[in-house]
Amino acid sequence: MIAMLGPCLVLLGGQSEPPNATTIQDDLLRGPTVPDDLVQTLVNIDMAGKFIPLQVRPEEAALGLVLIDQEHREGAHEVAQARRLAIGMLLVDNIDVVKDASDAIRAGENDKAQAVYRQLLDQFNPDHVRDPLLDAWKDVLSEQEVRQIQQLVDEYWDACIKWELRNAHDPSDTARKKTQRRLSFQLFRREIGEAYNWSLRPIQQRLESIYQATEPTEEQRAAIREVMIDYIRQSRLRPTPEQRQTAAARIYDLLDETQRLKLFEQALWQI
């Protein structure tokens, strides 16, 4: 039986792995690489006077600029990595919600997708803390290290908000807070996207490979998807051999003989 399930096992693939320390912000996390006498800042303005936003969390960018004890730096990195893992698990636990957002985007219903992502934010960060990593780092960094990072992050947010409101007729504190919430949400959306890429996207690609190979009916497609959802929820992206075999058997049983042969042919070229 296991031999017959080979094609399904091949297309299920191995476990998804989160980005490791060598692939995420490595340059930022190893520490300063500029002379200490230079002014350190997260604010970057190009030659045309345009503000250049960061592509990472400001806290992590600041961590790379501050002189920090190596043991503390490693602890801070572990906290940041734990956050990435937690966001990945958030997607696993809310896989149906994530599908709703994906379907909404494909249908051009961006407002609906935004509402779904805000629902995830409310669940993951109910107090909408602006600098969640910095709060968590208070347990692994010294007060001075936290204070230095906070200064850099505050300066960045101030410059970012000023740039966003540069043409606004309402530079009030209320407008600033509203802008900050919007930008914080955008940061979270980016984190969601990164987490999706290493957690659910590989599984989605495997699912599409199965669809492409077997050309299932709508009923079969829905049933196969339910098998994969159960597989993700139960394995939490770290499947045991038994869990893979169970999922493969369930998918195998959903297919007719012709589809099983097509699946075998597809898997054969992936070995």
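Let's start at a loop: D139 sits between α7 (132-137) and α8 (143-164). The model you are looking at is predicted, so every value here is computed from its atoms. Because its relative accessibility is 72%, and the cut-off for exposed is over 50%, D139 counts as exposed. Although D139 and A76 are 63 residues apart along the chain, their C-alpha atoms are separated by 9.0 Å.

From that loop, step back to the whole chain. The protein chain holds 13 helices and zero strands, and from the N terminus on its elements read α-α-α-α-α-α-α-α-α-α-α-α-α. Of its 271 residues, 44% count as buried. If you take the contacts between residues at least 6 apart in sequence, 75% of them join residues at least 24 apart. On the outside, the accessible surface comes to about 15,100 Å², and 51% of that belongs to carbon and sulfur atoms.

Now let's go inside. The largest nonpolar core has 38 residues, and the members touching the most others are L91, L120, I192 and L200. Several helices feed this core with at least two residues each: α4 (70-93), α5 (95-106), α6 (110-124), α9 (173-199), α10 (201-214), α11 (218-235) and α12 (241-254). L200 is a good residue to click on here. Leaving aside residues up to four places away in sequence, L200 touches L91, V92, I95, V98, A195 and I232. Apart from this core lies another one, made of 30 residues, with L63, A76, A80 and L187 among them. You have met A76 already, as the residue whose C-alpha atom is 9.0 Å from that of D139.

What about empty space? Rolling a probe the size of a water molecule over the atoms shows where such space is left. In this model the count comes to two cavities of 30 Å³ or more, and the largest has a volume of about 120 Å³. Of the 13 residues lining the largest cavity, R57, E60, R84, E191 and E194 are the closest to its centre. The elements that give two or more residues to this lining are α4 and α9, with α9 giving the most, four residues. Which classes of residue make up the lining of the largest cavity? By class, it has seven charged, four nonpolar and two polar residues. Helices α4 and α9 are thus worth a second look in the viewer: each supplies at least two residues to the largest nonpolar core, and each gives two or more to the lining of the largest cavity.

Conventions. Residues are numbered from 1 along each chain as its sequence is written. This is a predicted model: local features need pLDDT of at least 70, side-chain atom pairs count only at pLDDT 80 or more; totals for chains, interfaces and linings use all residues. Side-chain values use heavy atoms; hydrogens and water are left out. A nonpolar core is a set of buried Ala, Val, Leu, Ile, Met, Phe, Trp, Tyr and Cys residues joined through side-chain atoms within 4.5 Å. Buried means under 20% relative accessible area, exposed over 50%, partly exposed in between (1.4 Å probe, protein chains only). Contact means heavy atoms within 4.5 Å. Accessible areas come from the Shrake-Rupley method with a 1.4 Å probe; for residues, only the protein chains shown count as cover. On a 1 Å grid over the protein atoms alone, a cavity is a set of points where a 1.4 Å probe fits but cannot get out, and a pocket is an open set with protein on both sides within 12 Å along at least five of seven lines; lining residues have an atom within 4 Å of a point. Grid points are joined across faces, edges and corners, and a volume is the space filled by probe spheres set on the points. Ala, Val, Leu, Ile, Met, Phe, Trp, Tyr, Cys and Pro count as nonpolar, Asp, Glu, Lys and Arg as charged, and the others, Gly among them, as polar.
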